[in-house]
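Q: I should like to learn how salt bridges, burial and strand pairing are read from a model. Could we work through one case together?

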Amino acid sequence: MSTNAADPTPQPAPKRRYPRFTLDIRLRLEVFRSGTTQSFWGRSRELGQDGIGGTFTGELEPGEVVSLDFTLPIATKPIKIRAIVRYRKGRYHGFEFLTLTGDQRGMVQRACDFLSANG
C-alpha cells in the first residue's frame, strides 16, 4: 500500500517493542550544541525498557543525542544514560536509550517490572 500525501486517512502508529509504564520523576539532560553543553530539567511521563518520555524546559530536535540523569523507582542511586531524541510534540520529547550497560539494563528492567506490578 503506497502512502499518498493527499490521503487524509490516518496511518496506524508503529507498534512499540516494549510496553510503556506511567512514571513521574525528575529528569535532567545535557546536550552538546555549538561547542557548549546545555542543560535542561524536566519530568518524565512514561518509561519502557528501551526509552523514556518527558516534558523539558527547552526544546530538542529529533536525532539529537543527549545524556539523561534520573533516579528510577526502587533504585538506590541515579542512573546516567545516553539517549537519542526520537520525537517531539511541543515540549514533550520521546527518547530511545543507546548502549545501556548490563547494570543499567537491569535497573530499567526492575523499574518496569515494579511499575507493571503496581500500575
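**Reading strands and charged pairs**

A: We may begin with a turn in this predicted model. Strands E2 and E3 form a hairpin with 2 residues between them, and Ser34 in that turn has a positive phi of about 45°.

Q: How many bridges join E2 to E3, and in which sense do the strands run?

A: The two strands run antiparallel and are joined by 8 bridges. Within this pairing, Phe32 stands opposite Thr37 in E3.

Q: What joins E3 to E4?

A: A hairpin does so, through 2 residues. E3 and E4 pair in the antiparallel sense over 6 bridges, and Arg43 has Thr55 in E4 as its bridge partner. E3 also pairs with strand E1 (residues 21-22), again in the antiparallel sense, over 2 bridges.

Q: Which residue stands opposite Leu47 in the pairing with E1?

A: Phe21 stands opposite Leu47 in E3. As general background, side chains in a regular strand alternate between the two faces of the sheet.

Q: Is Leu47 buried or exposed?

A: Leu47 counts as buried, because its relative accessibility is 0% and the cut-off for burial is under 20%. This residue lies in strand E3 (residues 36-48).

Q: Which residues is Leu47 in contact with, leaving aside neighbours within four places in sequence?

A: Leu47 is in contact with Pro19, Arg20, Phe21, Leu23, Ile52, Leu72, Phe97, Ala111, Cys112 and Leu115. For one of these, Cys112, the C-alpha atom is separated from that of Leu47 by 7.2 Å, although the two residues are 65 residues apart along the chain.

Q: Let us turn to charged side chains. What is the general idea of a salt bridge?

A: Side chains of opposite charge can pair when their charged atoms come close. The rule applied here requires a side-chain nitrogen of Lys or Arg within 4 Å of a carboxyl oxygen of Asp or Glu. By this rule the model has 8 salt bridges.

Q: Where in the chain do the partners Arg28 and Asp69 lie?

A: The side chains of Arg28 and Asp69 meet in a salt bridge at 3.2 Å, N to O. This pair links distant parts of the chain, with Arg28 in strand E2 (residues 26-33) and Asp69 in strand E5 (residues 65-70), 41 residues apart. Arg28 is partly exposed at a relative accessible area of 23%, whereas Asp69 counts as buried at 19%.

Q: Which residues does Asp69 touch, not counting those up to four places away in sequence?

A: Asp69 touches Arg26, Leu27, Arg28, Ile79 and Lys80.

Q: What does the salt bridge between Glu64 and Arg33 tie together?

A: The closest approach of this salt bridge, N to O, is 2.9 Å. Glu64 lies in the loop between strand E4 (51-56) and E5, and Arg33 lies in strand E2, so the pair ties together parts that are 31 residues apart in sequence. Glu64 is buried, with a relative accessible area of 17%.

Q: How many residues apart are Arg86 and Glu96?

A: Arg86 forms a salt bridge with Glu96, their closest N and O atoms being 2.6 Å apart. Arg86 belongs to strand E6 (residues 79-89) and Glu96 to strand E7 (residues 92-97), 10 residues apart. Both partners are partly exposed: Arg86 has a relative accessible area of 47%, and Glu96 has one of 22%.

Q: Which residues are joined into one network by salt bridges that share partners?

A: Arg28, Glu30 and Asp69 are joined in this way.

Technical notes. Residues are numbered from 1 along each chain as its sequence is written. This is a predicted model: local features need pLDDT of at least 70, side-chain atom pairs count only at pLDDT 80 or more; totals for chains, interfaces and linings use all residues. Side-chain values use heavy atoms; hydrogens and water are left out. Helices (H or I, at least four residues) and strands (E, at least two) are DSSP runs, numbered from the N terminus. Buried means under 20% relative accessible area, exposed over 50%, partly exposed in between (1.4 Å probe, protein chains only). Contact means heavy atoms within 4.5 Å. Two strands pair if DSSP finds at least two bridges between them.
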